[in-house]
Amino acid sequence: MNAWQNIYSSFDVVAFSIFGFNIYWYSLMYILALFSGLFIGKYFAKKYNFSMNSLMLDSYFIWVEIGVILGARLGYILIYDDNTLWYLSHPWQIFNPFNAQGEFVGIRGMSFHGAVIGFFIASILFCKKYKANLWEYLDLTALSVPLAYTFGRIGNFLNQELFGRATDVPWGIYVNGVLRHPSQLYEAFFEGICVFILIFIARKFQKFKGELIILYIAFYSLARFLCEFYREPDAHIGFLSFGLTMGQILSLVLVFLSFSIFSYLRLKRKA
């Protein structure tokens with residue numbers, strides 16, 4: 001257990017270097033998340049007879065990935081970053097992977113809630129262009145994303161970021177001399193694996209198209225809200241109303257919206 005608690009003291013966030021550029025474990029996990037999501041989507045599309053073919057899924061994947069990256073980065077800048085005004089006046093710096101010293105450090109700071117907005121915008125534009133059924137693509141996404149998302153949270157853990165709150169549990173991780181919850185792994189399990197299981201079960205009882213994506217947002221947001229009790233809030237934001245974090249407040253908003261839409265569509269279907 002001692003080796004586990006001190007894992008960060010001996011673990012290098014850089015997986016390897018190539019041509020002078022450092023390749024981080026986080027980047028590898030992010031890439032693994034992207035392509036595993038595409039693979040899982042193609043598997044379920046074929047298994048459950050979704051209407052789209054493999055080529056359409058490839059195209060959709062490109063569209064939504066652009067939307068997710070743009071949304072996640074812009075969402076972080078607008079919601080979490082304390083240099084928002086500077087970025088807005090220097091927009092070319094938002095995706096600059098080099099620091100002030102000219103060193104390649106990659107792009108850090110991505111918001112899930114911003115990614116959700118970017119994803120939906122990209123999905124709407126894609127389905128409008130190709131005259132595809134938006135809700136069917138969204139439901140397939142609900143089945144595909146959770147397990148892939150797990151790799152992203154593991155990437156946060158390997159990148160030594162988004163630390164948990166101070167604790168005395170024996171499985172805690174030392175961060176700068178303070179024992180903390182490995183909250184990134186909690187999120188990987190509950191927001192990824194557990195949410196997938198719930199969506200997979202819900203598919204068997206699905207009553208209308210669009211039901212799975214609405215449930216996914218609700219289940220994820222609820223899991224995120226609970227996991228945030230073990231995650232250290234952003235230092236420059238801290239705790240907000242009622243002792244909640246920004247992530248918890250945004251998650252509650254999504255839970256309310258998703259269940260409101262779900263209830264409305266259920267009642268509309270019965271009517």
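Here are three short exercises on a predicted model of a protein.

**Exercise 1. Take stock of the elements and the overall size.**

Step 1. Count the elements: the protein has 9 helices and 4 strands.

Step 2. Read their order from the N terminus: α-β-β-α-α-α-α-α-β-β-α-α-α.

Step 3. Compare the radius of gyration with the globule rule. The value is 19 Å, and the rule gives 18 Å for 271 residues. These are close, so the protein is as compact as a globular protein of that length.

Step 4. Find the box: along the principal axes, the C-alpha atoms fill roughly 60 × 40 × 35 Å.

**Exercise 2. Describe how helices α5 and α6 pack.**

Step 1. Choose the quantities. Two packed helices are described by the angle between their axes and the distance between the axes.

Step 2. Locate the helices: α5 covers residues 112–130, and α6 covers residues 134–158.

Step 3. Give the geometry. The angle is about 145°, and the axes lie 11 Å apart. The crossing is right-handed.

Step 4. List the residues that meet. From α5 they include Phe 112, Phe 119 and Phe 120. From α6 they include Leu 134, Tyr 137 and Tyr 149.

Step 5. Sort the contact by class: 10 residues are nonpolar, 2 are polar and none is charged.

**Exercise 3. Work out what is buried, what is exposed and how far contacts reach.**

Step 1. Apply the cut-off: buried means under 20% relative accessible area. By this test, 45% of the 271 residues are buried.

Step 2. Turn to the surface. The protein exposes about 14800 Å², and carbon and sulfur atoms supply 69% of that area.

Step 3. Check the contacts between residues at least 6 apart in sequence. Of these, 68% join residues at least 24 apart.

Technical notes. Residues are numbered from 1 along each chain as its sequence is written. This is a predicted model: local features need pLDDT of at least 70, side-chain atom pairs count only at pLDDT 80 or more; totals for chains, interfaces and linings use all residues. Side-chain values use heavy atoms; hydrogens and water are left out. Axes are lines fitted to C-alpha atoms, for helices over the stretch in contact, and angles run from 0 to 180 degrees between N-to-C directions. Helices (H or I, at least four residues) and strands (E, at least two) are DSSP runs, numbered from the N terminus. A crossing is left-handed if the near helix is turned anticlockwise from the far one by less than a right angle, and right-handed if clockwise. Contact means heavy atoms within 4.5 Å. Ala, Val, Leu, Ile, Met, Phe, Trp, Tyr, Cys and Pro count as nonpolar, Asp, Glu, Lys and Arg as charged, and the others, Gly among them, as polar. The radius of gyration is taken over C-alpha atoms; the globule rule is 2.2 Å times the number of residues to the power 0.38. Buried means under 20% relative accessible area, exposed over 50%, partly exposed in between (1.4 Å probe, protein chains only). Accessible areas come from the Shrake-Rupley method with a 1.4 Å probe; for residues, only the protein chains shown count as cover.
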